[in-house]
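Work through these exercises with the model open. Each task is followed by a stepwise solution.

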Amino acid sequence: MRVVLQRVREASVMVEGQVIGQIGRGYLLLVGISDEDDEKEADRMLDKISKLRIFEDENGKTNLSLADVGGEVLVISQFTLYADCHKGNRPSFVHAGSPEKANALYEYMVKGFKERVAAKVQHGSFGADMKVSLVNDGPFTLVLDSKELFR
């Protein structure tokens, strides 16, 4: 599982010209899922993300978690995080999860964030052509890969 986490002041996602998800201060999460991922990986990623301390405290140090600041979450499915660009100029997506498996784990992640991470959790539409807007705070962007995090 790969997640690009962006600390944002605000973010939104549109499908067919309609805003379907919108948050204020918090995390925009682009989530890529492979066929090797499972609920155990998802739980570990949920735990890691929920405990990250990347918001500034009163001294300007990144010392506060999402819960500490009452942050919100916008979760977007992003199969292109598994693009393989080693050969040629056209990316291959053979390492991305099958749509059925990826959608099930994506829904599991959204539910998990709702249960334990943030008061407000919004999400995109799996497989849709989405337009994502954000105001990155910092900018502060992290790339989390379960293969590297949980060896």
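**Exercise 1.** Find how strand S1 and strand S2 run and how many bridges join them.

Solution. Strands here are DSSP runs (E, at least two residues), and helices are runs of H or I, at least four residues, all numbered from the N terminus. Two strands pair if DSSP finds at least two bridges between them. S1 (residues 2–15) and S2 (residues 18–23) run antiparallel, joined by 5 bridges. Ser12 faces Gln22 of S2. The two strands form a hairpin with 2 residues between them. In the turn, Glu16 has a positive phi of about 50°.

This is a predicted model: local features need pLDDT of at least 70, side-chain atom pairs need 80 or more, and totals for chains, interfaces and linings use all residues. Residues count from 1 along each chain as its sequence is written, and side-chain values use heavy atoms, without hydrogens and water.

**Exercise 2.** Classify the pair Tyr106 and Phe126, then place both residues.

Solution. Rings of Phe, Tyr and Trp (its six-membered ring) pair if their centres lie within 6.5 Å; planes under 30 degrees apart are stacked, over 60 edge-to-face, the rest tilted. The whole structure holds 3 aromatic pairs. One is Phe79 with Phe93: centres 5.0 Å apart, planes at 65°, so edge-to-face. For Tyr106 and Phe126, the centres are 5.9 Å apart and the planes at 45°, so this pair is tilted. Tyr106 lies in helix H2, Phe126 in the loop between strand S7 (121–123) and strand S8 (130–145).

**Exercise 3.** Is Tyr106 buried or exposed?

Solution. Buried means under 20% relative accessible area, exposed over 50%, partly exposed in between (1.4 Å probe, protein chains only). Tyr106 has 1%, so Tyr106 is buried. Phe126, at 30%, is partly exposed.
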